[in-house]
Amino acid sequence: MEPAAYLDSLRPAGSKRSSKRDLIVNAFLRQEGHLTADDLFDLICREDPAKAKPDSRGALPRISRATVYRTLQWMVEAGIARKVDFGEGRFRFEHSYRHPRHFHLICKTCNRSFEFLSSDIESLLEEVAAARNFTARQSVLQIHGTCDSCRTGRASLAEGGTTERVFARDALRIAIATERSGLEFYSRAAAITHDGRGRRVFEKLAAEEQAHLATLEARYRELLQQDPQLESRPTFLFFKGAANGLFAAGAERLGNGVDDRQALMIGIKCERGSHRFFKRYGEKFEDSEGKKIFLEFADEERAHLELLIREYRALVLRQRRRRPARAAKRRARREPAALS
Ligand SMILES: [Zn+2]
Ligand SMILES: [Zn+2]
């Protein structure tokens, strides 16, 4: 969604556009970072007055400090802005347009703040709230201290990149790690499966993972072209399983002499876990590239899950049909021995 369409979607139907408000909102949306109301007011005063659209009487809007405060309050209520308190005795504001929610690291030396998010922390917070029958509206987590560049004098790569792009990079990294561990899992499963049809399913899934992996890697390279330093920017989205992916535990279990049915069942469990993680987590994010990556990936995982469930059922049926025949053969073999 473009900024203008985004704003229209938030404006209540039939409400009038106000040129002053639009000017303030647009100036605010162009900023990355955490602004105080006074920062925003100064910014608007510095802006080229030619950008302001004259009102119906041909006068340029004059924007007072009070209008900026009121508009910020309106933006918070409309969900365009988030109000943050870094313990400085005044509030700061950040926009939520294509800007995923996050936690903050706050440096007491340079007063800069850095954004991060962790799926593990979020699920713990949810768990605690649920255990206490608490309906959570907002969770704030802040780490106060000294940043890397204040401590070491090294230049920081945390600034200059937009959180949205770093989030997309991290979402792609998680999807790629999952795809790689999926590929490893299906290749192994194909190697140990005796049932011909089951083996072909695992081979098909391994080939699919390979193709998706190539698509995701191409998308990753495209993203890097938008920001040459993107690779080295600090991690935004922390995810414990990212290093070896969601299928790693399943691949390990395949090593312990499992049969065809168990292999399919392990695959089903992995795909279900992966689908649920990407869908639930992706749905919680604001409209952004990272959200899109999560939801598209969730769909792929659901397709794999459905295929595996169908195959599992088909295998059970085949085994049931084969079993009576085999039992009859065994009986036939045993009979002469029993007679003698
Ligand atoms: Zn610092
Ligand atoms: Zn922030």
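**Strand β4, its partners and the zinc site**

Mentor: In this predicted model, strand β4 is joined to strand β6 (residues 237-238) by two bridges, and the two strands run parallel.

Trainee: What makes β4 and β6 count as paired strands?

Mentor: Pairing needs at least two bridges. β4 and β6 have two bridges, so they count as paired. In β6, Phe238 is the bridge partner of Ser118.

Trainee: Which way do β3 and β4 run, and how many bridges join them?

Mentor: β3 and β4 run antiparallel, with four bridges between them. Across from Phe103 stands Phe116 of β4. The hairpin of β3 and β4 has five residues between the strands, and Asn111 there takes a positive phi near 65°.

Trainee: Why is the pair of Phe103 and Phe116 called tilted?

Mentor: A tilted pair has planes neither under 30 degrees nor over 60 degrees apart, and ring centres within 6.5 Å. The planes of Phe103 and Phe116 are 55° apart and the centres 5.7 Å apart, so the pair is tilted. Phe103 belongs to strand β3 and Phe116 to strand β4, so the pair ties together parts that are 13 residues apart in sequence.

Trainee: How do you know whether Phe103 and Phe116 are buried or exposed?

Mentor: Buried means under 20% relative accessible area. Phe103 has 4%, so it is buried. Phe116 has 6%, so it is buried as well.

Another aromatic pair is formed by Phe167 and Phe285, with 4.5 Å centre to centre and 45° between the planes, and it too is tilted. Phe167 lies in helix α7 (residues 163-192) and Phe285 in the loop between α10 (260-283) and α11 (289-339), so the pair links distant parts of the chain, 118 residues apart. Phe167 and Phe285 are both buried. They also belong to one aromatic cluster, whose members include Phe236, Tyr281 and Phe297.

Trainee: How do you know that β4 is mostly covered on both faces?

Mentor: Six of the six residues of β4 are buried. In a regular strand, side chains alternate between the two faces of the sheet. In β4, Ser113, Glu115 and Leu117 are on one side, while Phe114, Phe116 and Ser118 are on the other, and all are buried.

Trainee: Which residues coordinate the zinc ion (ligand 1)?

Mentor: Cys107, Cys110, Cys147 and Cys150 coordinate the zinc ion (ligand 1) through their SG atoms, at 2.2 to 2.3 Å. Their spacing in sequence is C-x2-C-x36-C-x2-C. Cys110 is in the loop between β3 (103-107) and β4 (113-118), and Cys147 is in the loop between β5 (142-145) and α6 (148-152), so the pair ties together parts 37 residues apart in sequence.

Trainee: Why is the arrangement around the zinc ion (ligand 1) called tetrahedral?

Mentor: Four donors count as tetrahedral if all angles lie between 85 and 135 degrees. Here the four donor atoms subtend angles of 104 to 118°, so the arrangement is tetrahedral.

Trainee: Why does Cys110 count as partly exposed?

Mentor: Partly exposed lies between the cut-offs of 20% and 50%. Cys110 has 27% relative accessibility, so it counts as partly exposed. Cys147 has a relative accessible area of 8%, so it is buried.

Trainee: What makes Arg21 count as lying over the face of Trp74?

Mentor: One condition is that CZ of Arg is within 6 Å of the ring centre. Arg21 lies at 4.0 Å from the ring centre of Trp74. Likewise, Lys83 lies over the face of Phe91, at 4.3 Å from the ring centre.

Conventions: Residues numbered from 1 in each chain as written. Chains lettered and ligands numbered in written order. Predicted model: local features only at pLDDT ≥ 70, side-chain atom pairs only at ≥ 80, totals over all residues. Heavy atoms only, no water. Donors = N, O, S within 2.8 Å, 3.2 Å for Na, K, Ca; no water. Tetrahedral: all angles 85-135°; square planar, octahedral: opposite > 155°, others 65-115°. Buried < 20%, exposed > 50% of the residue type's maximum accessible area, 1.4 Å probe, protein only. Phe/Tyr/Trp six-rings, centres within 6.5 Å; stacked < 30°, edge-to-face > 60°. Lys NZ or Arg CZ within 6 Å of the ring centre and 35° of its normal.
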